[in-house]
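Walk me through this protein model, please. I would like to hear about its charged pairs, its metal site and its cysteines.

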Amino acid sequence: MSGTDFIPISVATLLPTEAVGLDLYQKEDASDRLVLYRGAKFPISIDDLDRLRGRGIHRLYISKEARATYQKYLRKIATTSEPGAIPVAARTTALNEVVRDVLHLAFSKDDVDQTVNAAEQLGVLAADIVTKDEFAASDLFDVLHHDYATFTHSANVALYCGILGAELGYPREGIERITTGGLLHDLGKLEIDEDLLCKPSRLTDVEFRKIRMHPLVGFRKLAMREDLTEGQLMMAYQHHERLDGKGYPVGLKAEDIHPWAKVCAVVDVFEALTSHRPYRTPMPREKALSLQQRDGGTAFDPEILECWTSIIQRDLVN
Ligand SMILES: [Fe+2]
């Protein structure tokens, strides 16, 4: 069977308590051929999951037609309101998959209404999970995708914004809104050709200018909406500004940059450093943090950076 008719799913989203009701496939050893692993009628057990992990298998496959059913299953896990029914780590994994899927679809349609509505709903869901006592950022980091797609980057930045907002003591509504803002912060990039965003070689001056326009483009797309707050708009507009005034698109100084844009700036760069780029492999988290420390007070707000560092270091130690 050819792999092009199938999509990968994370084994971490499969729960023995919730039947997916889909045929699951696996790759035959050392080939791209897919073979049936488990028929839809046969539930997966805890032992099955342990065995898969033991064999180093973290992805199974479902047919493309089954995508909607799988997404429904993920939403059920991510939105469960029964306390303790589903471990937070599984909910986090499911939520991340839902966020990526919804964002990918909304971004590819370039429909601002649909994107904002989806981002608002996802912000509420994400805030619910990142504020749980059992939530650990390290669980999240391990299940996130770290590729270069704008929707992946936006999904990761959004969840990081929510975690950092929670740690900074924002109220629940603030956490929801800053997460939504994170999902929308790079909306202006959708106007830039994918080839340019992924260009591995040095950019020309014209290309560089084009990329540096994306905060303004994103802000313009969102500015007239009454359902977004000033903080959310400023996340789109100011997330590449620096405290020392050497950022873009305006070159604002520290006091003129919105606090949420400062939060977004810290996690945006962290996400970029720890993800794949066309020209390099992901940087380990410790290295990314130490690189960012050098820019504390010049590019990044030192207190916000300190708070982010403590979240990541706490999880690296545990
Ligand atoms: Fe950006």
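Aspartate 244 pairs with arginine 242 in a salt bridge, and their closest N and O atoms are 2.8 Å apart. The model is a predicted one. Aspartate 244 is partly exposed, because its relative accessibility is 22%. Arginine 242 has a relative accessible area of 23%, so this residue is partly exposed as well. Elsewhere, salt bridges with shared partners link Arg91, Asp128, Lys132, Arg172 and Glu176 into one network. Across the whole structure, the search finds 19 salt bridges.

Another of these pairs sits within a helix. Aspartate 48 and arginine 51 form a salt bridge, with 3.2 Å between the closest N and O atoms. Both residues belong to helix 1, which covers residues 46-54. They are 3 residues apart, about one turn of the helix. Their surroundings differ in accessibility. Aspartate 48 has a relative accessible area of 8%, under the 20% limit, and is therefore buried. Arginine 51 reaches 52%, over the 50% limit, and so counts as exposed.

Next comes a pair that leads to the metal. The side chains of aspartate 186 and lysine 189 meet in a salt bridge at 3.1 Å, N to O. Aspartate 186 is buried, because its relative accessibility is 0%. Lysine 189, at 16%, counts as buried too.

Aspartate 186 also serves the iron ion, as one of its protein donors. Which atoms bind the iron ion? The protein donors are OD of Asp186 and NE2 of His214, His239 and His240. They lie 2.2 to 2.3 Å from the iron ion. Along the chain, the donors follow the spacing D-x27-H-x24-H-H. Histidine 214 lies in helix 10, residues 214-222. Histidine 239 is in the loop between helix 11 (230-238) and helix 12 (259-273). The pair therefore ties together parts that are 25 residues apart in sequence. Histidine 214 and histidine 239 are both buried.

Why is the arrangement around the iron ion irregular? The 4 donor atoms subtend angles of 83 to 168°. A tetrahedral label needs all angles between 85 and 135 degrees, so this range does not qualify. For reference, the ideal angle for four tetrahedral donors is 109.5 degrees. Water is not among the atoms, so the site may look incomplete.

The cysteines are a separate matter. The structure holds 0 disulfides. Why is there no bond between cysteine 161 and cysteine 264? The sulfur of cysteine 161 has its closest cysteine sulfur in cysteine 264, 4.5 Å away, which is too far for a bond. A disulfide needs the two sulfur atoms within 2.5 Å. Seen from the other side, the closest cysteine sulfur to that of cysteine 264 is in cysteine 161. Cysteine 161 is buried, because its relative accessible area is 0%. Cysteine 264 also has a relative accessibility of 0%, so it counts as buried.

One loop residue remains. Arginine 33 lies in the loop between strand 2 (24-27) and strand 3 (34-38). Arginine 33 is partly exposed, because its relative accessibility is 44%. From arginine 33 to glycine 182 the C-alpha to C-alpha distance is 38 Å. In sequence, arginine 33 and glycine 182 are 149 residues apart.

Definitions and conventions: Residues are numbered from 1 along each chain as its sequence is written. This is a predicted model: local features need pLDDT of at least 70, side-chain atom pairs count only at pLDDT 80 or more; totals for chains, interfaces and linings use all residues. Side-chain values use heavy atoms; hydrogens and water are left out. Helices (H or I, at least four residues) and strands (E, at least two) are DSSP runs, numbered from the N terminus. Buried means under 20% relative accessible area, exposed over 50%, partly exposed in between (1.4 Å probe, protein chains only). A salt bridge is a side-chain nitrogen of Lys or Arg within 4 Å of a carboxyl oxygen of Asp or Glu. Donors are N, O and S atoms within 2.8 Å of the metal (3.2 Å for Na, K and Ca); water is not among the atoms, so sites may look incomplete. Four donors count as tetrahedral if all angles lie between 85 and 135 degrees; four count as square planar and six as octahedral if opposite donors are over 155 degrees apart and all others between 65 and 115; anything else is irregular.
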